[in-house]
Every structure is written in structure tokens, then in C-alpha cells.
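Hi,

Here is the structure I said I would pass on. Have a look at it first, and then read my notes below.

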2 protein chains.
Amino acid sequence: MPPTDHRPLTLRDVSEASGVSEMTVSRVLRNRGDVSQATREKVLEAAKTLGYVPNKIAGALASQRVNLVAVIIPSLRNMVFPEVMSGISQELEETELQPVVGVTDYLPEKEDKVLYEMLSWRPSGVIIAGLEHSDASRAMLKASGIPVVEIMDTDGHPVDCAVGISHRRAGREMARAIVKAGYTNIGFMGTKMPRDHRARKRFEGFTEQLAKSGIEIMDREFYSGGSALAKGREMTAAMLERTPELDFLYYSNDMIGAGGLLHLLDRGIAVPGQIGLAGFNGVELLDGLPRRLATMDACRTEIGRRAAQIIAARVADPAAPVAPVVELSPRIEYGDTLRRR
Amino acid sequence: MPPTDHRPLTLRDVSEASGVSEMTVSRVLRNRGDVSQATREKVLEAAKTLGYVPNKIAGALASQRVNLVAVIIPSLRNMVFPEVMSGISQELEETELQPVVGVTDYLPEKEDKVLYEMLSWRPSGVIIAGLEHSDASRAMLKASGIPVVEIMDTDGHPVDCAVGISHRRAGREMARAIVKAGYTNIGFMGTKMPRDHRARKRFEGFTEQLAKSGIEIMDREFYSGGSALAKGREMTAAMLERTPELDFLYYSNDMIGAGGLLHLLDRGIAVPGQIGLAGFNGVELLDGLPRRLATMDACRTEIGRRAAQIIAARVADPAAPVAPVVELSPRIEYGDTLRRR
DNA sequence: GTGAAAGCGCTAACAT
DNA sequence: ATGTTAGCGCTTTCAC
């Protein structure tokens, strides 16, 4: 076997193999312009037998167009983001655009880096989680001149436009429902992530609203690392030990809430009679637990869809009108752990 | 405000702003070659104040190098894959390489499309889930001339090389452990996914090994869609109704296994005394359930790491020696649902 | 319906 | 240490 030095095939190779000019080959491969049926077939045939794969790098440089949409999210391990991704993919499937994911691990420095990296590929648009970004990132986004949609959160000022829910409001509404249901001794558990602005805003909205009813959180605890389910169990056990008079536990996510629920059931504590529970996200994952945890849907797929729609519309027509902020309205799902009044 | 027509900045702009040749600007921005401290600072200053972001498309075309590694997986919604991704990211973090994800939804046609799409960006390597690909995909991978690592599975013949576990063996080993523990009336539950070759291979290995002990599966059921936990519950209930003499249930993944476990506990059935259970994957997610489900770790992070290492090594030195197949050895985790003999 | 020429924004290779 | 030249593989534009 000859030492096949792997020079990738070029348009020229297809051109020579088919006896058609590079230009016409290019037209056939992109379905652009009029090409006779005869030449079209010759070209396709040649391209296929050679195994030609077009070079998008050269194409993008020449055409100044890149069909990529940069999607920048904090993590893939929190089910929320894959679900947003699905919404985005579904919507972009109908277009020429393709999502490309970058992960920041909730680190602003990494966000800067990932964003810079992605922008250097000159994508057609950016979808980025959250409204809190470094000055450097905001500057890059503004200077990029491409459509930018900030997702998940609407409490703040987008660079370009935003699609999400108000986490502050979500926290307030949950507080209202809990107070209305007659609970007064309330504990909070969440993740120890100062960078998780959305969890923070929910917490703030929650405590503010409680304050309006003259209620203050009786106990709180934050965790990091490990299995959320197990942590929910442990934290709940510890908190009830410490503060036995609690009658409601609000969790910053459904997984730790589920852990808490399992602990209470193990202990034979009446839910929601003796102690009520609520989480956040509405993860389908948990359907199938002995009780359905009260929660609030974060509208993940819908957010992805809407964001993708905006990008697609702006790519199709840069002058397309865009609402600066699209705020979706999640509803409380009472499930079986928050009594209704 | 003048109608800022957004021509993105080029090297030339930085060159003019700093009074340094384009070539030297390029050198500074890439930390290549000797540049005096003075010019370096001038250039960095100019680039920063202008907000210049290099154009990787042009860079890649000129240098014929693209620091991207294509990672092609069936789904992001199955936690297995984000975990593999983490392993890959961790490992690539130390290099210049960057992972780019493509999702196939377990559809061969989509795999062809995604692969073609990614290869057209001329990545430095490909990491792709599974060993089963269309002829078209195998041909593309071979012709690409770049390192290709097929992951997750080692039962078959890789195009280039593979890192994973033998799912057939995993199925056999679980069968052996179950038989050894004295269970004989065995049921199986899994996903209705003819495309999930790894689940299929586990099932095949499982039944083959049982056959050697003269045991045949007594009942089986496959589901699709919906929450795995809930489905596990339902299927388990239905199966025990139908075939009450079952004393062991083997699930193709931990989520449905967990659903089954919750059902049995609700019903007050002794686990693993009356009925034993086992799943597959070793998802940390589930730590915190009332019992730890017997399972087998799929070595997800490790697989990602190893695959990334291979790509990185081959990019650094194309002649680097590579083992054609790296087979990791998952161990049975007995947990609390499979008695030990 | 098809082709030829110019150039997209960078970097390799070679000056100086 | 810095600059010059010639492309990378395509697409745009214009000519036929």
C-alpha cells in the first residue's frame, strides 16, 4: 500500500474527476444557480465516489457566512441545560443553522474564554445563559454585531434581548403560596453557588415576600458537591434535628427536594400535613417518586425554542423587530407536598 | 449615531492602530516567535482597546489546523453522555484542543448528517459513540485521515481505535452473579430502542449466560418515552401482576430499576430476599434512594478521559502508537438489592 | 448554463 | 526582531 499522504480532497479534485469547472461543481454542491441536469449528475457522481467532504472553513471565509449558533451554558450535568438545548435544536432543525455548545462551569473567567473562543468562529448568533456577565463579555457581545439572546432569566438588562422567567417573582410566588397554605416555620436549602444568580434571585424573592407577611426564614443550609438526592436527605435530617419546629422546607432544586421528601417519608412524617415541601424546576425525571414534589416549571424547552426562533428570525432578516425581553410565566405545581388553601 | 456598519475588525485594523505589521501582530496574538516586549505591549494594547477578536476561520484556512475535536453522541438527555463529555473536557483542558458536540438522537441518518457536517469543519479528531455506523459514516471516518476513537463499546471492530467496556460481558457477568445468588425466575425490562446496540448486547450476553445455567428469561418488557422512574414503576407492577413467580428483575438502566425498587418497597416486598434487582450504569444521581440498587459502573468519565488522551497524543504526534482497543472492566456493585453468595 | 478572475483574513516560509 | 510574499479552498462577481 502506498503511503497515502492524506491530503483532504478539494473542489478541484471533484472538478477534474468530473470534467466540470470548480465553479460549477460548487454550484451543484450548494444547489445554487442553474445547472443542467446532466452536469449536476456528473458532479454528484464524482463527489460521491471520491468521498468529497466540502471544506466549510474555506466556504465560510469566502462567503463571510457561518451557519453556527453559539450556545453558552454553565453545565451539562444539570438536566436543565440539556433540556434547553433540545428546545434550541428542535427549532434550529428547520433552518440551516446549527447549535454549538460551550460550557462555562459557572465560572466568569471561563465564560469570557469560551465566549471569545466561540466568537472567533464568527457564528451567526449567540444564545447565552443568564444576564450576569463580566464587562469583557458584555463588550464582546455588543461588539460582535450578531444577534444575542440571553436566556433563563429576565431580572436584569440584556445586552440585546432576553427570554426567560423572573426568578425573583418565582421565589415570591412560592412564598405567597406557602404562607397562604398556613405554613409559618420555614426552612431553606440550596446549593452553595454564589455564581448561581438565578437560585440567588429566587431566594431573595422568597425571603422578601415572606417578610411582607412578617415571616423570617427559621433555618437555612447550603451544600456543594455529591449526589443531590443524598445531600437533600442529609441536610433535611440535620435541619430537622436542629430546628424541629419547622413546618415547611423550600429547596432550591427538585433533586434535593426529592431527597428531603424521601427522608420525611422514611421517618413517617406526614407530608404535607406536618411538614410541607417545595422545590424548583419541574424535572420530569422525578415522576415516579412516592409523592409528587411541589415545584415550579422553569419552562426550559420553551425558553430554548423561543431563543432559537429569535436568532433564526434575525439571521433571515437582520432588521426583524425583536421584543427586548420575553418573560414566560411558570405556574406552581402543587403536587402532593404543598397543601392548597 | 452613524450607521455603524458592523464590519468585524481584522488584523489589519490592529496593525494600523499599533503601527506594527500584520505579521507581527499575528505573532503577538499567538505568542509565536520572538517579539520585543515593547511591540508586544503596543499590539496587545491596540487589540484590547479596539476589541479585536481573531478570525479563526481565516486562521484555520491559512494554517491548515483546527483545534476542534468532534464528539458525536446519541443524546444529551441521558446522563451517561454529559458524564463522558466531562471526562473529555477535563482531559482536553490541558491542551489547545476543544470539544464540539454533535447529537444524533440514536438515528443513523442523523449520525451520517452530523458527522458530515462536523468533518466539513476539518476537526483534529473524532470521538464517536458506538461501533455501529452506516457504511457511509465508516467511509467518511476512514477517509478523513484524522484520529477516530469509538467509545462506550468494545464488542466489534473499530474504524481506528476504541475505548469502552464489553456490554456483552457486562450482561454475562450480571447473569453469573444473579444465578450464583440463587435466583432462577428472572425478568428483564428495558428501553424499546433497536438502535441502542449497547443495551442489546448486554441483553444478549445476559440471556446467553443464563442459558448456560439452563435458565431462560421468564418475562420481559420494553418501554419508550416518558419518565424512566415512572415507567420502571409501571412496568414492574405490570410484570409482577403477570408473572408473580419472578424472583429477580434485571433492568437495562438504573432509572427504571430505581422505579422498580420504589414500587417493590411500596408494596412491602422484601428486597433482595423475596425479589432481587439490578440495573446498569452506576448513576450517582440515585445515591440517596432508600436502598442502593445493584448495578455496574459504565466507566463513563474514564472512557471520556482515555478517548481524549488518545486524540491529544495523536494530534501531538501522528505517529504515536495506539492500542486498537482499550477495554475497561466495570465491576458489579451489589448495593442492597442483590444478595451475595 | 458555464467559466475566469479576484479575494475573504489569516499564517508559513522566507527575507532582511 | 520584524517585514514581505504567496497562498489556504472556497464563493462572489462578472463575463461569456
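Before the DNA part, one term: a polar contact here is a pair of N or O atoms within 3.5 Å. With that cut-off, Arg27(A) makes such a contact with DNA strand C, because a polar atom of its side chain lies 2.6 Å from a base nitrogen of the strand. Please keep in mind that this is a predicted model, so every number below is computed from predicted coordinates.

**DNA strand C**

Let me stay with this strand for a moment. Which residues come closest to it? There are 24 residues around DNA strand C, and the closest are Ser21(A), Arg27(A), Ser36(A), Ser26(B) and Tyr52(B). Both protein chains are in that list.

Besides Arg27(A), two more residues of chain A are worth a click. A polar backbone atom of Ala62(A) is 3.3 Å from a base oxygen of DNA strand C. The side chain of Gln64(A) puts an N or O atom 3.0 Å from a sugar or linking oxygen of the strand.

If you look at the strand's own atoms within 4 Å of the protein, 68% belong to sugar or phosphate, and the rest belong to bases. On the protein side, α2 and α4 of chain A and α2 and α4 of chain B each give at least two residues to the surface near DNA strand C. The largest share comes from α4(B), with four residues. Sorted by class, that surface has ten nonpolar, ten polar and four charged residues.

**DNA strand D**

Now for the other strand in my notes. DNA strand D is surrounded by 24 residues, and the closest are Met23(A), Ser26(A), Tyr52(A), Arg27(B) and Asp34(B). Here Arg27(B) reaches a base: an N or O atom of its side chain is 2.7 Å from a base nitrogen of DNA strand D.

Two phosphate contacts are easy to find as well. A side-chain N or O atom of Tyr52(A) is 2.5 Å from a phosphate oxygen of DNA strand D, and for the side chain of Thr39(B) the distance to a phosphate oxygen of the strand is 2.8 Å.

Of the atoms of DNA strand D within 4 Å of the protein, sugar or phosphate accounts for 65% and bases for the rest. The helices that each supply at least two residues to the nearby surface are α2 (22-30) and α4 (56-63) of chain A, together with α2 (22-30) and α4 (56-63) of chain B. This time α4(A) gives the most, with four residues. By class, the surface near DNA strand D has ten nonpolar, ten polar and four charged residues.

**How the two chains are related**

How are chains A and B arranged? A turn of 180 degrees, with a shift of 0.0 Å along the axis, lays chain A on chain B with an RMSD of 0.1 Å. The two copies are therefore related as by a two-fold rotation axis. In chain A, the C-alpha nearest that axis belongs to Ile57(A), at 2.8 Å. The copies also meet through the same surface, because 100% of the interface residues of chain A are interface residues in chain B too.

**Chain A as a whole**

Chain A has twelve helices and twelve strands. Its C-alpha trace spans about 85 × 50 × 35 Å along the principal axes. The radius of gyration of chain A is 26 Å, while a compact globule of 341 residues would have one near 20 Å. Buried residues make up 54% of the chain. Among contacts between residues at least 6 apart in sequence, 68% join residues at least 24 apart.

**Two arginines and a helix**

Is Arg233(A) buried or exposed? It sits in helix α10 (residues 228-242) of chain A, and its relative accessible area is 14%, so it counts as buried under the 20% limit. Its contacts beyond four places in sequence cover both chains, including His263(A), Asp266(A), Gly288(B) and Pro290(B).

Arg305(A), in helix α12 (residues 300-316), is partly exposed at 29% relative accessibility. Leaving out residues up to four places away, it touches Gly87(A), Ile88(A), Gln90(A) and Glu91(A).

Finally, helix α1 (residues 11-18) of chain B has Asp13(B), Val14(B), Ser15(B) and Ser18(B) as its buried residues. Their cover includes α2 and α3 (37-50) of chain B. Right after the helix comes Gly19(B), with a positive phi near 70 degrees.

Cheers

Technical notes: Residues numbered from 1 in each chain as written. Chains lettered and ligands numbered in written order. Predicted model: local features only at pLDDT ≥ 70, side-chain atom pairs only at ≥ 80, totals over all residues. Heavy atoms only, no water. Least-squares fit on C-alpha atoms with pLDDT ≥ 70 in both. Contact = heavy atoms within 4.5 Å. Near = heavy atom within 4 Å. Polar contact = N/O pair within 3.5 Å; in protein donor to acceptor, adjacent residues only side chain to side chain. Nonpolar A, V, L, I, M, F, W, Y, C, P; charged D, E, K, R; others polar. Rg over C-alpha atoms; globule rule 2.2 N^0.38 Å. Buried < 20%, exposed > 50% of the residue type's maximum accessible area, 1.4 Å probe, protein only.
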